[in-house]
Amino acid sequence: MSYLDNILFALLLIIGFGYFFASLKKIKRNINLGIDVDRKDNPRARWKNMAMIAMGQSKMVKRRVAGIMHVIVYVGFIIINIELLEIIIDGLFGTHRVFAFLGSFYDVLIASFEILAVLVLLAVVVFWLRRNVIKLKRFVNKDLSGFSKNDANYILYFEVVLMTLFLLMNATDLHLQNVPGGFSHFIKAGSYPISQFIAPLFNGMSNEIVMILFEASWWLHIVGILIFMNYLYFSKHLHILLAFPNTYFADLNPQGQFDNLEAVTKEVKMMMDPNADPFAAAPAPAEGEVLAKFGASDIQDLNWVQLLNAYTCTECGRCTSACPANITGKELSPRKIMMDTRDRMEEVGRNIDANKGVFIPDGKSLLNDYITPEELWACTSCNACVEECPVNISPLSIIMDMRRYLVMEQSAAPTPVNAMMTNIENNGAPWQYNQQDRLNWKNEN
């Protein structure tokens with residue numbers, strides 16, 4: 001590789017990684033639009049969560065076929081990153097197989113890469129068949145359409161191209177390593193259990209043509225990886241990166257335990273204080289202080305962990321397939337809740353970009369423009385979606401915060417819910433009868 005090639009490669013890396021980190025910065029900015037919430041408690045449990053769920057794929061393998069295939073692709077992704085490090089060093093300094101000094105360990109590494117590449121190809125075929133031939137119900141749900149539906153296939157095609165280029169690169173490399181008397185800067189290094197069956201295809205070709213094939217596959221492989229890396233920002237596969245912080249910052253409270261609103265808690269404590277003046281006016285807000293808003297109507301009302309959840313969503317549909325409301329034909333789809341939250345977050349982010357870092361109200365909100373009250377009230381708050389999610393996302397927390405807004409800010413609860421709350425306030429029970437009659441049932445024969 002000439003110095004010109006080294007310089008071109010360095011520029012390619014600068015552009016690829018520069019755009020990638022700029023995208024990460026934008027994601028961080030959008031997530032920070034949410035309300036601050038403390039998730040620094042119990043670090044030991046949080047590290048365990050991340051190790052078991054994000055790295056160990058413990059929730060993913062509950063569905064064995066998809067789980068095992070996903071683990072293969074996941075391990076293949078990790079291995080590719082190790083191989084990518086060698087490609088980067090070779091590209092910058094014009095070396096060949098710079099880690100070859102590792103000897104037999106290097107042979108094991110390269111052999112592992114190749115075996116995993118073939119397994120990834122097999123897994124990709126299975127995934128493609130499940131989506132496009134078998135058409136599992138959760139992949140053909142009406143909330144998964146357009147780009148969201150095609151995105152998974154794009155990634156599968158990416159994987160096929162990258163793994164094929166990797167094996168082609170190794171096969172041409174192996175051929176040139178074995179040229180009698182040596183060829184160019186190629187040294188004998190590595191073990192190639194798969195490529196050794198591809199390399200004979202190049203017998204009879206001139207070494208120069210094989211060299212062109214090697215360089216073409218090498219360049220296309222690294223360019224493909226950089227394109228894939230930057231495509232993540234637009235794809236559901238952003239979870240490859242965000243699953244780790246998402247599982248670390250997940251809610252550690254028992255499922256079904258909801259947080260209390262601070263403003264309501266203060267009011268209840270004041271009502272229970274025998275020394276408090278029940279007729280005292282509420283203190284006036286300090287200058288610049290924004291009055292507390294009950295619940296959430298837009299992404300700025302959600303907390304940053306909920307927004308991180310939205311970016312981490314894998315769109316796998318496990319939550320929706322387990323949702324009893326969705327199963328019975330209701331409009332609610334927990335997957336759609338997360339996708340809508342992410343789409344609104346992106347829309348707000350574009351607004352900020354277009355207005356030099358300031359959000360200009362656009363007359364839209366997450367509630368009504370993206371998520372309808374009908375969807376929110378269909379939820380039974382059973383936590384099935386939270387239990388099913390392989391990366392600890394909680395669609396329920398967003399649903400409950402938006403319900404709070406409907407009830408406490410707009411008094412827009414459905415009639416049966418309003419009647420129930422009125423009965424609780426007046427009678428101390430959800431049913432409409434006198435408090436003195438609450439225990440009459442025990443006297444019935």
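Me: Helices here are DSSP runs of H or I with at least four residues, numbered from the N terminus. Which helices each supply at least two residues of the nonpolar patch?

Reply: Quick ground rules: this is a predicted model, so local features need pLDDT of at least 70 and side-chain atom pairs 80 or more, while totals for chains, interfaces and linings use all residues. Residues are numbered from 1 along each chain as its sequence is written, and side-chain values use heavy atoms, without hydrogens or water. The patch takes in Tyr 19, Val 125, Trp 128, Leu 129, Val 133, Ile 134, Phe 147, Tyr 154, Tyr 157 and Phe 234. The helices that each bring at least two of its residues are α4 (104–132) and α5 (147–177).

Me: How much accessible area does that patch have together?

Reply: Membership takes over 30% relative accessible area and no salt bridge, with nonpolar side chains (Val, Leu, Ile, Met, Phe, Trp, Tyr) joined within 5 Å. Areas are Shrake-Rupley values with a 1.4 Å probe, and only the protein chains shown count as cover for residues. Together the patch residues, Tyr 19 and Phe 234 among them, come to about 970 Å².

Me: What is the relative accessible area of Tyr 157?

Reply: Tyr 157 belongs to the patch and its place is in helix α5. Buried means under 20%, exposed over 50%, partly exposed in between. Tyr 157 counts as partly exposed because its value is 43%.

Me: On to rings: how are Trp 47 and Tyr 248 paired?

Reply: Rings of Phe, Tyr and Trp (its six-membered ring) pair with centres within 6.5 Å, and planes under 30 degrees apart are stacked, over 60 edge-to-face, the rest tilted. The whole structure holds 16 such pairs. For Trp 47 and Tyr 248 the centres are 5.2 Å apart and the planes at 65°, so call the pair edge-to-face.

Me: How many residues apart in sequence are the parts that this pair of Trp 47 and Tyr 248 ties together?

Reply: Tyr 248 is buried, at 13% relative accessible area. Trp 47 sits in helix α2 (residues 43–55) and Tyr 248 in helix α7 (residues 239–248), so the parts tied together are separated in sequence by 201 residues.

Me: And Phe 158 with Tyr 231: which class of pair is that?

Reply: Phe 158 is partly exposed at 21%, whereas Tyr 231 is buried at 14%. Both belong to one aromatic cluster with Phe 147, Tyr 154 and Phe 228. Their ring centres lie 6.0 Å apart with planes at 40°, so the pair is tilted.

Me: Which residue meets Arg 46 in a salt bridge?

Reply: A salt bridge is a side-chain nitrogen of Lys or Arg within 4 Å of a carboxyl oxygen of Asp or Glu, and the count is 20. Arg 46 is buried at 1%, while its partner is partly exposed at 40%. With N to O at 2.7 Å, that partner is Asp 41.

Me: What about Arg 335 and Asp 143: how many residues apart are they?

Reply: Their side chains form a salt bridge, N to O 3.1 Å. Arg 335 is in helix α12 (residues 334–354) and Asp 143 in the loop between α4 and α5, a sequence separation of 192 residues.

Me: Arg 342 is in helix α12 too, so to speak; which residue forms a salt bridge with it?

Reply: The partner lies in the loop between α9 (304–312) and α10 (318–322), 27 residues apart from Arg 342. Both residues are buried. With closest N and O atoms 2.8 Å apart, the partner is Glu 315.

Key:
Patch = residues over 30% accessible without salt bridge, like charges linked within 9 Å, V, L, I, M, F, W, Y side chains within 5 Å. Buried < 20%, exposed > 50% of the residue type's maximum accessible area, 1.4 Å probe, protein only.
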